[in-house]
Amino acid sequence: MQISVVRDVFQLAQVFTISRGSRTQAEVLTVRVAGDGASGVGECVPYARYGETLDSVTEQIEGFSGAWPELPDALPPGAARNALDCAFWDHAAKRAGKRVWDLLGLPEPAPEVTAYTLSLDTPEAMEKQAALNASRPLLKIKLGTPDDMARLEAVRRGAPDSRIIVDANEGWTAEVYGDLAPHLIRLGVQMVEQPLPAGQDDMLAEIARPLPVCADESCHDRASLPALRGKYDIVNIKLDKTGGLTEALALKRQAQAEGYGVMVGCMVGSSLAMAPATILAQGVAFTDLDGPLLLAEDRKEPLKFDQDGVHPPAAALWG
């Protein structure tokens, strides 16, 4: 099997800001595996929060020379393993002349309503963003500063009828979260994602959780679950954290068996990165696969987004 990796850059439609910084483009790695008369593709987004760079992840991918079953032992959960795993799934589907969900014994994915993310900004700018997207059924607000109350109020004014979830990206303290929690409920927020830093979230087991709390940076793969007990109600599964679709599906099954709700999320990438996650997102509590909606440009065969949500990929894109 021949493995190749290239860097691709997709410009964003506007500056995207979270509590850790801003970006104007999505830099991704596209992996291709070829052999036995077929080739498969996958995409990953190296994430500095987890010590990943384009160079380090490229090195991991180029250093892998084994067969697909050896992948979980050869590479840790993360972006490199994700791109390879998804490329192997695409390759297997093309060789078999079937869709990936058929290989998995799953029904064809249906459209899933996805959140649309509002970037962290001034209250005035966020209210304008909210008003422009007020017809969307689910908005995700990026927060994570000590003075987020005005942003919350502004978004609700801008989009009075949308469901709202909040992502603090580890930016709050227990005190800030405790102060904001009653207002989150008052404004109809349905879930808060990663309010405290990973590794500093034990306080969540000691304070009231008046609305569901979702683990993002605190949850990577199945090995993360024991440390989440009593602190979180939902887990955010992202392919770039789990190391691919294979582990993501296993994490989903185990998390649900242990009583967690599931959110399926994404890094800021192209439709190729989201395509495998549409299988994972079936029937979950929250879907957040809006990466392509934040781009000014996308793959040649992009995912379809409409009033029903994000649709499964065409075979020409993936799977």
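**View 1. What packs around helix α7 in this predicted model.** The cover over the buried residues of α7 includes α6 (149-158), β6 (163-167), β7 (189-193) and β8 (213-215). Which residues of α7 are buried? They are A174, V176, Y177, L180, A181 and L184. If you like checking periodicity, recall that an α-helix has 3.6 residues a turn, so residues three or four places apart point the same way.

**View 2. The bend in α7.** End to end, α7 looks ordinary on paper: its 13 residues reach 19 Å from the first C-alpha to the last, close to the 18 Å expected at 1.5 Å a residue. Where does α7 bend? Look at L180, where the angle is about 35 degrees, with a proline, P182, following within four residues. L180 is also on the list of buried α7 residues. Past the helix comes G188, with a positive phi near 80 degrees.

**View 3. The largest nonpolar core, and W172 inside it.** This core holds 76 residues, and those with the most contacts inside it are L152, V166, W172, Y177, V235, L245 and W318. Helix α7 (residues 174-186) supplies the largest share, six residues. Another core lies apart from it, with 17 residues, among them V57, A79, L84 and A87. Back in the 76-residue core, zoom in on W172 and leave out residues up to four places away in sequence: W172 then touches L143, G144, T145, D148, V166, Y177, L180, V192, P195, L196 and P197. So the bend residue of View 2, L180, turns up again here as a contact of W172.

**View 4. A three-stranded open sheet.** The strand order is β1-β2-β3, and the pairing is antiparallel. Why does one side of β1 and of β3 have no neighbour in the sheet? Both β1 (2-18) and β3 (38-44) stand at the edges with a single partner strand each, so one side of each is left free of a sheet neighbour. From one strand to the next, the twist averages 20 degrees. Helix α3 (residues 79-96) lies across β1, β2 and β3, and runs at about 150 degrees to β3.

**View 5. Bridges and the hairpin turn in that sheet.** How many bridges link β1 and β2? There are 13, in the antiparallel sense, and one pair to pick out is Q2 with its β2 bridge partner A34. Strand β2 (residues 21-35) is joined to β3 by seven bridges, also running antiparallel. Along that seam, R32 stands opposite V41, and G35 stands opposite A38. β2 and β3 make a hairpin with two residues between them, and D36 in the turn has a positive phi of about 55 degrees.

**View 6. Parallel pairing around β10.** Here strand β9 (residues 234-237) runs parallel to strand β10 (residues 261-264), and four bridges join them. V235 of this pairing stands opposite V262 in β10; V235 is also one of the residues with the most contacts inside the 76-residue core. β10 also runs parallel to strand β11 (residues 286-287), through two bridges. In that pairing, V264 stands opposite T287 in β11.

Key
Residues are numbered from 1 along each chain as its sequence is written. This is a predicted model: local features need pLDDT of at least 70, side-chain atom pairs count only at pLDDT 80 or more; totals for chains, interfaces and linings use all residues. Side-chain values use heavy atoms; hydrogens and water are left out. Two strands pair if DSSP finds at least two bridges between them. Axes are lines fitted to C-alpha atoms, for helices over the stretch in contact, and angles run from 0 to 180 degrees between N-to-C directions. Contact means heavy atoms within 4.5 Å. A nonpolar core is a set of buried Ala, Val, Leu, Ile, Met, Phe, Trp, Tyr and Cys residues joined through side-chain atoms within 4.5 Å. Buried means under 20% relative accessible area, exposed over 50%, partly exposed in between (1.4 Å probe, protein chains only). The expected span of a helix is 1.5 Å times one less than its number of residues. The bend at a residue is the angle between axes fitted to the seven residues ending there and the seven starting there.
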